[in-house]
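User: I would like to go through this model with you, beginning with the cysteines and then turning to the hydrophobic packing.

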Amino acid sequence: MGYRLNAGRPGWKAKTTSYRAVNVRRWQRGGFLNAGHSFGWAWWSDSGEKVASINVAVGSGDSQCLTISYSWRNYGNDEWQYVNRIVSLARTPGTYGGSLTWFACPYCYRRAVHLYIAGNHVACRRCLKLTYPSQCEDELGRAHRRVGKIEAKLFRKGMHQKTIERLANEYESAEDELDALFCARAIHLFGTSVL
């Protein structure tokens, strides 16, 4: 629900959520990007089962590079393919001092915070032609996401009463908008209100 089919928007494109992503800022905060360091990175299912993993070796010297190693196979194919991809790191001055670390996409060399692993490719979103799920949402989908975001904020602990009241009012308005859009969609689809 909330996605438009054949509406001229990129609904047919692959989504970023369909691929494993690595985040350079997360690795930087975790202290993983020190020269000469090697580490493993894994993804886990909701049930706690490991579903994918990679090994990363950080090079040394001024032109710091990473070697990302992993194996994969196509569905229905028993043969594993072993992949080693070299990814350069770029640094830019930070707003408040220090520096920001970026991946340099191996294909287009653009700076990126995230790189995605798709088969034997490690690349940025643009090179893999991936879209964000929110880019394919229609008005109903955006309203539904907005309600969810406000609802998540409402259940945080330690908020002031005024903040709670403001969020409750925003939630009520967002719910009303979602209901109106849902009814309009139902009338459009079925010719009558479902309520």
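User: Is Cys105 buried or exposed?
Analyst: This is a predicted model. In it, Cys105 counts as buried, with 0% relative accessibility.

User: And how many disulfides does a search of the whole structure find?
Analyst: The search finds zero disulfides.

User: Why is there no bond at Cys105?
Analyst: The closest cysteine sulfur to that of Cys105 belongs to Cys124 and lies 3.7 Å away, which is too far for a bond. A disulfide needs the two sulfur atoms within 2.5 Å.

User: What about Cys127: which cysteine has the closest sulfur?
Analyst: That is Cys108, whose sulfur is 3.5 Å from the sulfur of Cys127, again too far for a bond. Cys127 counts as partly exposed, at 29% relative accessibility.

User: Changing topic: which residues touch the most other members in the largest nonpolar core?
Analyst: That core has 25 residues, and those touching the most other members are Val22, Trp27, Ile54, Leu66, Tyr70, Phe103 and Leu115.

User: Which elements give two or more residues to this core?
Analyst: They are α1 (24–29), β2 (38–44), β3 (50–58), β4 (65–72), β5 (81–93), β8 (114–118) and β9 (121–123). The largest share, four residues, comes from β4.

User: What does Leu66 touch?
Analyst: Leaving aside residues up to four places away in sequence, Leu66 touches Trp27, Leu33, Val56, Ala57, Val58, Arg85, Ile86, Val87, Leu89 and Phe103.

User: Which residues does the second core include?
Analyst: The second core is separate and has eight residues, among them Ala143, Leu167, Ala174 and Leu181.

Notes
Residues are numbered from 1 along each chain as its sequence is written. This is a predicted model: local features need pLDDT of at least 70, side-chain atom pairs count only at pLDDT 80 or more; totals for chains, interfaces and linings use all residues. Side-chain values use heavy atoms; hydrogens and water are left out. Buried means under 20% relative accessible area, exposed over 50%, partly exposed in between (1.4 Å probe, protein chains only). A nonpolar core is a set of buried Ala, Val, Leu, Ile, Met, Phe, Trp, Tyr and Cys residues joined through side-chain atoms within 4.5 Å. Contact means heavy atoms within 4.5 Å.
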